[in-house]
Protein chains: 2
Amino acid sequence: MDNLATLFKEKNLKLTPQRYAIYKFLKSTKSHPSAEMIYEALRPDFPTMSLATVYKTVKTLIELGLVQELNVGEDNFRFDANVANHPHIVCTKCGRVDDIEDAVFEHLNSEVENYTNYKVNTHKLYFYGICPKCQGS
Amino acid sequence: MDNLATLFKEKNLKLTPQRYAIYKFLKSTKSHPSAEMIYEALRPDFPTMSLATVYKTVKTLIELGLVQELNVGEDNFRFDANVANHPHIVCTKCGRVDDIEDAVFEHLNSEVENYTNYKVNTHKLYFYGICPKCQGS
DNA sequence: TATTTATAGATAATATTTTTCTACAAAGAA
DNA sequence: TTCTTTGTAGAAAAATATTATCTATAAATA
Ligand SMILES: [Mn+2]
Ligand SMILES: [Mn+2]
Ligand SMILES: [Zn+2]
Ligand SMILES: [Zn+2]
């Protein structure tokens with residue numbers, strides 16, 4: 001979090017309270033929130049902060065390589081402060097998005113180069129199923 | 001294409017020229033067009049057709065199981081008349097979306113169940129890279 | 001023929017995200 | 001400290017993709 005100030009300074013960006021709070025919140029959660037969810041979560045502490053600030057900030061954080069964007073097929077984006085490429089799973093019943101821990105699929109990139117003439121750089125992998133909580137009900 | 005008429009009749013849906021043309025176009029192409037691209041492609045033959053009709057028709061086709069929706073991370077959806085679950089690759093330079101032929105990743109669903117408590121039903125897998133044409137330039 | 005039903009197209013509405021504008025505050029220079 | 005520059009928050013408007021509403025029409029049905 002200290003190198004955060006350094007990184008912002010390097011890019012001539014200001015580490016404002018709003019930016020700091022949004023990044024800290026994303027770092028603290030595994031819920032993969034949308035812009036709206038970030039906005040609601042920080043509203044108690046930042047009642048004057050606008051949704052546009054959330055959007056502008058996550059965009060800044062993405063450009064800095066501090067956050068990645070997930071597109072699980074909803075009508076909005078979700079954000080993740082874990083910038084390593086890792087797979088996610090979406091509960092099709094309640095909508096929650098979880099990490100799949102310890103599962104590594106990086107070998108898929110080179111594997112798939114046998115089936116295409118593309119130069120493959122990365123991939124996005126989303127699983128869909130029913131979460132433990134929804135399996136009960 | 002004959003069972004198409006039967007299927008529509010079963011569901012009390014009318015196989016209108018617009019619907020037929022949209023489905024036929026999707027069947028004929030491997031370009032994974034967006035609604036806008038479908039609209040533009042059919043405009044010469046259907047100059048009065050509205051974009052709303054394209055949206056309503058692809059939705060209908062999806063409900064019938066004749067078309068699937070792709071979300072490669074752009075600001076819009078793309079559509080595919082190949083409804084089998086198959087992986088795609090996106091050129092990050094020119095934006096084209098191609099099938100990855102013959103590569104099967106269905107085993108991933110059960111494989112990933114070892115790493116999560118979810119009941120896994122399906123997945124979406126998108127690769128990103130540079131297409132042969134863009135590698136040249 | 002008369003009537004019902006589905007739908008194309010026009011238009012308005014919705015939702016998400018981006019842009020514009022302005023006042024302000026932090027940082028830097030004098 | 002004062003002056004000046006620069007970056008940004010927030011408000012509001014705009015842009016974009018998609019969906020819903022409404023009506024005339026044409027096909028299907030009675
Ligand atoms: Mn994650
Ligand atoms: Mn395809
Ligand atoms: Zn659930
Ligand atoms: Zn390309």
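User: When does a residue count as near a molecule or strand here?
Analyst: A residue is near when one of its heavy atoms lies within 4 Å of the molecule or strand. This is a predicted model, in which local features need pLDDT of at least 70 and side-chain atom pairs pLDDT 80 or more, while totals for chains, interfaces and linings use all residues; side-chain values use heavy atoms, without hydrogens or water. Residues are numbered from 1 along each chain as written, with chains lettered from A and ligands numbered from 1 in written order.

User: OK, which residues come nearest to DNA strand C?
Analyst: Of the 19 residues around it, Tyr55(A), Lys14(B), Thr16(B), Arg19(B) and Lys56(B) come nearest.

User: And what share of the strand's atoms within 4 Å of the protein is sugar or phosphate?
Analyst: Sugar or phosphate accounts for 75% of those atoms, and bases for the rest. On the base side, a side-chain N or O atom of Lys56(B) is 2.8 Å from a base oxygen, whereas a backbone N or O atom of Phe77(A) lies 2.9 Å from a phosphate oxygen of DNA strand C.

User: Switching to the metal, which residues are the protein donors of the manganese ion?
Analyst: Counting N, O and S atoms within 2.8 Å of the metal (3.2 Å for Na, K and Ca), the donors of ligand 1 are His32(A), Asp80(A), His86(A), His88(A) and Asp99(A), at 2.0 to 2.3 Å. Water is not among the atoms, so the site may look incomplete.

User: Are His32(A) and Asp80(A) buried or exposed?
Analyst: Both His32(A) and Asp80(A) are buried, meaning under 20% relative accessible area, against over 50% for exposed and in between for partly exposed (1.4 Å probe, protein chains only).

Methods: A polar contact is a pair of N or O atoms within 3.5 Å; within protein, one must be able to donate a hydrogen and the other to accept it, and residues adjacent in sequence count only if both atoms are side-chain atoms.
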